[in-house]
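The following exercises are to be worked with the sequence and the coordinates at hand. Each task is followed by a solution in steps.

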Amino acid sequence: MEGAGASFFSHAAELATREMDSAHEEPELPSAIQDLVQRLEGQGEPITQLPNLRHPEFREFFPKEAPSTIIGWRSQVRLRVLEAIGSCNTLEILDVGKICGYRVSTLTASEWEVVLRGFRSSTVLKKIIVGWLDDSDADKESLCFQLGRILNSSSVTELKLEASVSARCLLNLASGLRGRSDSKLESLDVVGVSLRDPSAVKYVADMINSAPLLETLRLGGYWLDMEYETVGILSQALIQSLALKEFTLEGRGKWAGRLLLKALAGDDRNRSIERLRLLYVEGLGDWLRELLISNPSLKEVELQRLVMEPEQAHQLGEAIRDNAIATTILVSFGSKFDEYWESVEALARSASSEVNDPTLEIIVHVRSEGEVMLSLNLLGRVLRGEITSMKSLSILHYQDRPESILSINGKAGETCVLKRLGLIRLSEDVWKGVWKDLLLCLRGNFSLTHLDLSNTWLDEETFRDMMGLLQVNLSLQEINVSRTSWARDGKAALIQEALKQNEKRAAYMSVFREAGLAFGDAKAGRLFLCGSPLAGKTRLRQTLMRIVEGKSWIGNKWKELFRTKGIEVEYLQNDDKRQISIWDLAGQEIFRTLQTVLFPQSNNFCVFLFVYSSFCENTSSKKEDSCFRTELEEWMSFITSSSRVTGHNRPQVLVVISHKDKIKSSSLTWAHSIVKDVNQRFAKFVDLHPIQECFHVDARRKKQVIDLKDYIFEIFDKLLSEKSPRVPQLCSQISFRLVKKIKENRSCPIWLRQNFIEFCDPILTEFISSSSAFANDHSRILNSIVSYLNDAGSIVYIPTLSYIIVDPNWLTNTLLGELVALGQKFHAQEHESKSHSSYSSKDGFVSESVFVGLIEEFLGKLPHGQKGVDRDVIENILIHLDLCFKVEDTSQFYFIPSFIPEHASTEVQKPQELADVKPKAWKRRVETSKFVGIRIQCQDGKTMSLTAAFFPRFEVILKIVLEN
């Protein structure tokens with residue numbers, strides 16, 4: 001072994017004996033050299049792998065030519081760098097080629113000794129790489145001798161040998177491993193090696209046998225011929241490698257089949273290998289089928305650049321379908337797809353099964369227009385459900401070609417089993433021919449979870465389609481748009497946000513599919529009425545109810561209506577075809593906190609009617625046109641700030657001008673221009689519809705509201721059928737029957753979970769087959785039903801509470817709306833009083849006695865016989881909605897910032913009232929206080945607003961955090 005290394009050191013002189021050229025003054029060292037040496041010596045950022053020393057910034061000291069050309073001060077600098085490398089204690093990767101420029105002879109004997117000696121005892125070094133080397137066998141053998149010494153004594157876990165080396169090189173490496181019983185080597189790559197010499201194979205087998213922790217092995221090279229005895233030596237090493245998990249074999253030759261059968265097929269063969277990768281292996285034939293059938297440990301098999309006749313592919317597919325144990329079989333076909341597409345289809349069709357899960361993952365590379373068409377035809381059959389063996393299909397396109405068409409033939413993809421789809425490097429023409437049909441298919445697809453569009457041509461229209469798709473397709477979990485325009489302009493982030501928002505809905509929808517429930521178009525939606533006080537929102541809601549359900553109110557005979565408190569919720573039900581919940585938002589600012597808290601947190605679409613009156617609240621005087629802009633912008637900011645819907649299916653906003661009976665002219669020209677301007681400002685976040693004639697109404701008159709009702713229903717029909725996920729018919733029935741039951745009897749707005757289960761059980765029996773696994777245990781499906789009904793607005797479910805609020809109007813109006821109103825009245829009365837309780841203040845704190853008094857006053861207003869509501873229930877709801885914080889100290893206080901009194905708007909206050917208005921001061925509860933300043937602002941100041949409604953919730957949450 002010593003002789004093997006001697007020739008390496010015989011052709012150069014020692015650096016230490018070189019003399020410095022005294023005729024020239026030393027120039028300043030390049031910054032790249034200074035930075036490298038400092039990092040190698042532990043100064044600055046730790047270095048884990050070396051840069052390529054043949055890069056221009058180092059070339060003056062490490063040229064391509066022989067080291068004899070380096071003299072004078074350059075030789076000293078060169079030595080300093082090499083010494084720093086040898087003594088560095090942070091290098092985890094040793095890449096020989098980066099040091100010598102892939103020529104061993106560019107370093108002298110002593111230089112290699114300086115570089116490598118420090119690695120022999122390294123506890124940090126993890127990986128050694130030997131790439132292609134342009135040297136004599138003697139030079140490479142000497143290098144391998146040095147590396148063998150490192151393997152014998154260091155902590156190396158990975159050795160990658162990609163050079164063409166002799167059998168003696170392999171002997172030198174194997175000797176280093178063989179002499180160490182506690183080798184930590186876990187990964188070994190031996191590629192590019194000529195193994196025609198039986199002794200070379202023997203040394204590779206020695207390396208395998210000397211690494212008891214070896215988990216990953218890759219063998220490849222020039223192995224055209226291998227003797228039977230040699231195959232036996234290598235196969236025996238594989239059998240005895242008990243820790244081996246992944247085996248990659250590259251090369252052409254008939255011996256490959258013999259090796260794999262001897263090593264892996266049969267009872268006494270290797271049973272630790274779970275992943276087998278075969279690259280460029282020829283003549284797979286019968287032995288591959290036998291291997292797939294007989295080895296129970298194989299979980300993944302990868303066949304790269306597969307070449308196989310259609311008949312053989314058909315037989316292989318049958319073996320995969322009927323007997324294969326592996327759960328994933330990846331097949332990659334190389335170029336000339338037009339020559340082997342029949343084999344691809346034969347494999348995919350024969351492996352298809354109506355019983356077994358899909359196992360095939362297929363990758364095809366296409367160039368010509370004909371190949372593109374063939375690959376898309378294959379994709380069409382997969383998406384139509386004609387081929388069910390594939391769980392992944394990737395089409396890689398390398399060249400621009402004319403338009404291609406993906407044929408779906410009207411099928412929406414419900415029977416497709418594909419889980420991963422890659423359409424990579426598609427040109428503009430090809431993409432335009434594929435996308436629309438693919439989009440149609442993905443709308444009804446429940447199997448696809450990963451979509452790879454990397455390096456593909458993508459435009460703005462495709463993005464809008466994609467965001468709309470994510471509103472209805474909850475199965476997609478990952479969309480890769482790397483190296484596209486979307487990755488550069490922020491669209492990729494919006495896609496990720498939409499996928500994240502879909503996660504919760506996808507979780508409960510997957511339970512419905514697992515139960516085998518029938519799905520249909522969504523039937524439940526929400527309509528929000530917003531606007532200033534006395535704009536006519538409640539009148540409009542009641543007229544809509546009269547039109548749809550024939551409902552009437554005694555209050556219609558009264559000149560004035562009671563003002564809405566919080567949010568009033570009612571349901572428009574058209575048999576079992578449609579169920580629209582109307583959320584009538586109170587116009588007063590004091591309720592804005594509640595409306596923010598109770599705003600839908602799901603990614604479902606929302607429709608808003610902004611109702612505007614051209615007249616002042618309590619007078620008949622007409623407002624200035626600028627008031628319309630101001631109010632519209634305020635509510636648009638509220639909608640934008642509160643909505644979670646992103647992308648194509650933005651909140652839909654309709655502007656309704658009320659009190660038509662008071663306006664002499666029916667022209668809305670003044671409003672059109674304002675709506676157009678506001679729409680441009682909020683175009684990325686909200687769809688503000690242009691004003692139409694039917695949007696100008698007297699909210700009391702059915703005839704004037706009918707056209708508006710029809711327009712609203714048309715929007716909902718389109719959104720529910722085209723822009724919403726399909727939902728189980730079971731959920732639609734439960735929602736419909738629950739709402740109907742609550743309408744008939746509102747005495748019990750809160751149900752214990754057991755009451756809800758008893759209500760649902762008979763309906764579940766109707767929809768779930770007696771043979772289903774869910775027939776006897778309804779727990780999982782009931783959890784999913786609760787989540788769906790909460791998202792749809794049919795119930796309000798707070799996970800931390802043990803009951804379900806089945807009447808949302810009770811929560812939003814009867815309870816929270818009334819409590820805020822009571823609190824305001826309480827503070828107003830206190831403001832007028834000359835005496836103040838020591839337990840009350842204007843800073844949101846009230847004493848326990850005051851809080852209890854408010855709750856008792858509220859409970860006294862409840863209808864006689866209402867069940868399930870007491871002080872503890874109300875307190876828990878307030879706390880869990882972050883509307884209340886209980887201060888535990890010597891005397892209990894409740895922090896309820898929503899009870900802070902609000903002054904009336906200047907529009908409705910009388911001059912004498914304005915004169916009395918004074919700034920509200922916050923009183924300190926202790927004399928010594930510490931203050932921390934925090935600046936809070938909206939990220940987007942143009943389209944979002946930070947109103948007073950934000951601060952009460954922020955205060956409660958902040959106090960909870962500080963308390964914890």
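**Exercise 1.** Determine how much space lies in the largest cavity of this predicted model, and which residues and elements line it.

*Solution.*
Step 1. The largest cavity holds about 250 Å³ of space.
Step 2. Its lining comprises 21 residues, of which Arg-505, Ala-524, Asn-604, Asp-791 and Ala-792 are the closest to the centre.
Step 3. Two or more lining residues come from each of helix H18 (491-514), strand S16 (524-530) and helix H26 (779-792).
Step 4. By class, the lining of the largest cavity divides into 12 nonpolar, 5 polar and 4 charged residues.
Step 5. Counting cavities of 30 Å³ or more gives 5.

**Exercise 2.** Establish whether Ser-485 is buried, partly exposed or exposed, and identify what its side chain reaches.

*Solution.*
Step 1. Ser-485 belongs to helix H17, which covers residues 485-489.
Step 2. The relative accessible area of Ser-485 is 26%. Buried requires under 20% and exposed over 50%, so Ser-485 is partly exposed.
Step 3. The side chain of Ser-485 reaches the backbone oxygen of Leu-458 at 3.2 Å.
Step 4. Ser-485 and Leu-458 are 27 residues apart in sequence, while their C-alpha atoms are 6.8 Å apart in space.

**Exercise 3.** Compare the span of helix H24 with the expected value, and list its buried residues.

*Solution.*
Step 1. Helix H24 (residues 729-744) has 16 residues, for which 22 Å is expected at 1.5 Å a residue.
Step 2. From first C-alpha to last, H24 reaches 23 Å, close to that expectation.
Step 3. The buried residues of H24 are Leu-730, Cys-731, Ser-732, Gln-733, Ile-734, Ser-735, Phe-736, Leu-738, Val-739 and Ile-742.

Definitions and conventions:
Residues are numbered from 1 along each chain as its sequence is written. This is a predicted model: local features need pLDDT of at least 70, side-chain atom pairs count only at pLDDT 80 or more; totals for chains, interfaces and linings use all residues. Side-chain values use heavy atoms; hydrogens and water are left out. Helices (H or I, at least four residues) and strands (E, at least two) are DSSP runs, numbered from the N terminus. Buried means under 20% relative accessible area, exposed over 50%, partly exposed in between (1.4 Å probe, protein chains only). A polar contact is a pair of N or O atoms within 3.5 Å; within protein, one must be able to donate a hydrogen and the other to accept it, and residues adjacent in sequence count only if both atoms are side-chain atoms. The expected span of a helix is 1.5 Å times one less than its number of residues. On a 1 Å grid over the protein atoms alone, a cavity is a set of points where a 1.4 Å probe fits but cannot get out, and a pocket is an open set with protein on both sides within 12 Å along at least five of seven lines; lining residues have an atom within 4 Å of a point. Grid points are joined across faces, edges and corners, and a volume is the space filled by probe spheres set on the points. Ala, Val, Leu, Ile, Met, Phe, Trp, Tyr, Cys and Pro count as nonpolar, Asp, Glu, Lys and Arg as charged, and the others, Gly among them, as polar.
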